[in-house]
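Here are a few short exercises to work through with the model open beside you. Try each task before reading its solution.

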Amino acid sequence: MTAAQFEKELAELEKFASDAFASAGDSQSLEDMRLEYLGQKGKLTLILRGLSGLDKSERPRIGQLANTVKEKIQVLHDQRKEALYREQLAERLKVDRLDVTLPALGRPLGHLHPLTLITEEIARIFYGMGFSVFEGPEVETDYYNFDALNTPASHPARDEQDTFYTNLGPQVLLRSQTSTAQIRYMEKKENKPPLRIIAPGRVYRNEEINARKYPLFHQVEGLLVDKEVTMGQLRATLAEFLRLLFGKPLRTRFRPDFFPFTEPSAELDSECPFCAGSGCRTCGHRGWLELLGCGMVDPNVLRAVDIDPEEWSGFAFGMGVERLAMIKYGV
Ligand code: DAH
């Protein structure tokens, strides 16, 4: 064969191989064709065998050409192989829609209600100050809700218009405040002072339903009984509580108030955390927010549970959880 004949054969070989690969319908027939063209006994080898009959001066050039053609055929083969793989994969995916090897889709988890979150937070803060959590019943008697809390029979809060009475008896009601827990806790003989508790829970009042009021809401009561307790300690405790709850120190102020079970009683205001006291919509442009009621435990309350007020004194406080949650979470 002459060099020109070699060139022609090699060019043809490339063309045939290219057509053959393109017509291969699956990887087995493609492999057969690869052997046919590139295998040890394949067509290219056959052509190369004749190389020895070629003039010495032409051999390197034709040899090189043969190598180039071999590489090109190899590339054509590889491309076809890749394409076939993709075709087959696409085909399989059409049938096998369900791929059990894929990682599972994340399921959205629920989250805790803001009232639950803040109640836990409040409990955590007071726990750090040595208070434990105590819970009383929601269905109560007027003794726990009023009498033992030094609330006179004529007190307006007892009015049916404010308190839900049940048909279980004239004294049975839904508690209107978590202050009931003070009595429930202290009347137990094993709970002797000194003592520190908070009591979170639902309370009920016969309110008209509107954007600010609902007949069911949540309070956290606090009670500390010890020797020579002072109002300064009450104030410092509450200020520290607010600092931890809102994550920054806030100015606080006491305003005199009245509650039957504390004497003296006060309302605690805090500087509005949203406007730092300069006045905004949340605080009604007052710069202050009313946060809770508090005071020094009335001696009559201690007497009702057989604790000697000459020996022991205490402070108490009660806060509305909805309001604190609104402030903390910006609801
Ligand atoms: N129980 C009161 C209320 O529901 C809140 C309260 C005020 C609780 C003063 C206290 C307190 O313990 O000392 O409005």
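Strands here are DSSP runs of E with at least two residues, numbered from the N terminus. Please keep in mind that this is a predicted model.

**Exercise 1.** Find the cis peptide bonds from Pro193 to Pro194 and from Glu263 to Pro264, and place each second proline.

Solution. Start with the bond from Pro193 to Pro194, where omega is near 5°. Pro194 sits in the loop between α7 (180-186) and β4 (195-204). Next, the bond from Glu263 to Pro264 has omega near -5°. Pro264 belongs to strand β7, residues 262-271. As background, most peptide bonds are trans.

**Exercise 2.** How is helix α5 oriented relative to helix α8?

Solution. First, take the axes of α5 (residues 114-128) and α8 (residues 231-246): they come within 10 Å and cross at roughly 130°. This angle is neither over 145 nor within 65 to 115 degrees, so α5 is oblique to α8. The crossing is right-handed. Now list the contact: α5 contributes Ile118, Glu121, Ile122, Ile125 and Phe126, while α8 contributes Thr237, Phe241, Leu244 and Leu245. Sorted by class, the contact has seven nonpolar, one polar and one charged residues.

**Exercise 3.** Which residues are closest to the ligand?

Solution. Of the 15 residues surrounding the ligand, the closest are Gln177, Ser179, Arg205, Gln219 and Glu221. Then look at individual atoms. An N or O atom in the Gln177 side chain is 2.8 Å from a ligand nitrogen atom. A polar side-chain atom of Gln219 lies 2.8 Å from an oxygen atom of the ligand. For Gln182, a polar side-chain atom lies 3.3 Å from a ligand oxygen atom.

Definitions and conventions. Residues are numbered from 1 along each chain as its sequence is written. This is a predicted model: local features need pLDDT of at least 70, side-chain atom pairs count only at pLDDT 80 or more; totals for chains, interfaces and linings use all residues. Side-chain values use heavy atoms; hydrogens and water are left out. Axes are lines fitted to C-alpha atoms, for helices over the stretch in contact, and angles run from 0 to 180 degrees between N-to-C directions. Helices (H or I, at least four residues) and strands (E, at least two) are DSSP runs, numbered from the N terminus. Angles under 35 degrees count as roughly parallel, over 145 as roughly antiparallel, 65 to 115 as roughly perpendicular and the rest as oblique. A crossing is left-handed if the near helix is turned anticlockwise from the far one by less than a right angle, and right-handed if clockwise. Contact means heavy atoms within 4.5 Å. Ala, Val, Leu, Ile, Met, Phe, Trp, Tyr, Cys and Pro count as nonpolar, Asp, Glu, Lys and Arg as charged, and the others, Gly among them, as polar. A residue is near a molecule or strand if one of its heavy atoms lies within 4 Å of it. A polar contact is a pair of N or O atoms within 3.5 Å; within protein, one must be able to donate a hydrogen and the other to accept it, and residues adjacent in sequence count only if both atoms are side-chain atoms.
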